[in-house]
Amino acid sequence: MKYIPGYEGLYSVTPDGKVWSEERTDLFGRKVDGKWLRLSPHTKGYLQVTLFSNGTRRSHRVHR
């Protein structure tokens with residue numbers, strides 16, 4: 001797995017396009033386990049995933 005550029009330490013992606021959210025601590029200091037993220041279809045049929053960083057949310061298309 002490789003880290004996603006701009007989201008190093010937060011998200012990783014596999015060669016087949018699966019996205020993993022890394023283990024982290026939330027704003028209250030609680031441990032949040034890592035998990036596989038669900039992909040959703042974009043309006044043009046591509047799969048996309050929503051990633052969060054520094055309080056901002058962005059959707060990115062995933063290519064398998």
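Let me start with Asp33, which in this predicted model counts as exposed, because its relative accessibility is 52% and the cut-off for calling a residue exposed is over 50%. Asp33 does not stand by itself, for its side chain forms a salt bridge with Lys31, and the closest N and O atoms of that pair are 3.8 Å apart. Lys31 is an exposed residue as well, with a relative accessible area of 58%.

If we now stay with Lys31 and look for its other contact of this kind, we find Glu23, which forms a salt bridge with Lys31 at a distance of 3.9 Å between the closest N and O atoms. Glu23, too, counts as exposed, at 52% relative accessibility. Taken together, Glu23, Lys31 and Asp33 are linked in a network of salt bridges. As a general point for those of you who are new to this, side chains of opposite charge can pair when their charged atoms come close.

How many salt bridges does the model hold in total? The count comes to three, and the one I have not yet described joins the side chains of Arg30 and Asp26, with 2.9 Å from N to O. While we are on charges, let me add that the protein has 12 positive and 6 negative side chains, and that the centres of these two sets lie 10 Å apart.

Let me turn to the fold itself, where the protein has nine strands and zero helices. Which strands come together in the open sheet, and in what order? Four strands form it, in the order β1-β2-β3-β6, and the pairing is antiparallel. The edge strands are β1, at residues 2-3, and β6, at residues 35-36, each of which pairs on one side only. Remember, in general terms, that strands of a sheet pair through backbone hydrogen bonds, either parallel or antiparallel.

At the β1 edge, two bridges join β1 to β2, the strand of residues 11-13, and the two run antiparallel. If you would like one pair to find in the structure, take Tyr3, whose bridge partner in β2 is Ser12.

Further along the chain we come to β7, residues 40-41, which is joined by two bridges to β8, residues 47-53, again running antiparallel. Here Ser40 stands opposite Gln48 in β8. The hairpin of β7 and β8 has five residues between the strands, and within this hairpin Gly45 takes a positive phi near 95°.

From β8 we can carry on to β9, residues 56-62, since β8 and β9 pair in the antiparallel sense over seven bridges. One pair to look for is Ser53 with its bridge partner in β9, Thr56. These two strands also form a hairpin, with two residues between them, and in the turn Asn54 has a positive phi of about 55°.

Finally, a few values for the protein as a whole. The C-alpha atoms fill a box of roughly 40 × 25 × 20 Å, taken along the principal axes. What share of the 64 residues counts as buried? The share is 25%. The accessible surface comes to about 5,300 Å², and 51% of that surface belongs to carbon and sulfur atoms. As for contacts along the chain, among those in the protein with a separation of 6 or more, 20% come from residues 24 or more positions apart.

Terms used
Residues numbered from 1 in each chain as written. Predicted model: local features only at pLDDT ≥ 70, side-chain atom pairs only at ≥ 80, totals over all residues. Heavy atoms only, no water. Pairing = 2+ DSSP bridges. Salt bridge = Lys/Arg side-chain N within 4 Å of Asp/Glu carboxyl O. Buried < 20%, exposed > 50% of the residue type's maximum accessible area, 1.4 Å probe, protein only. Contact = heavy atoms within 4.5 Å. Areas by Shrake-Rupley, 256 points an atom, 1.4 Å probe, with all protein chains shown as cover. Lys, Arg positive; Asp, Glu negative; His and termini not counted. Charge placed at Lys NZ, Arg CZ, Asp CG, Glu CD.
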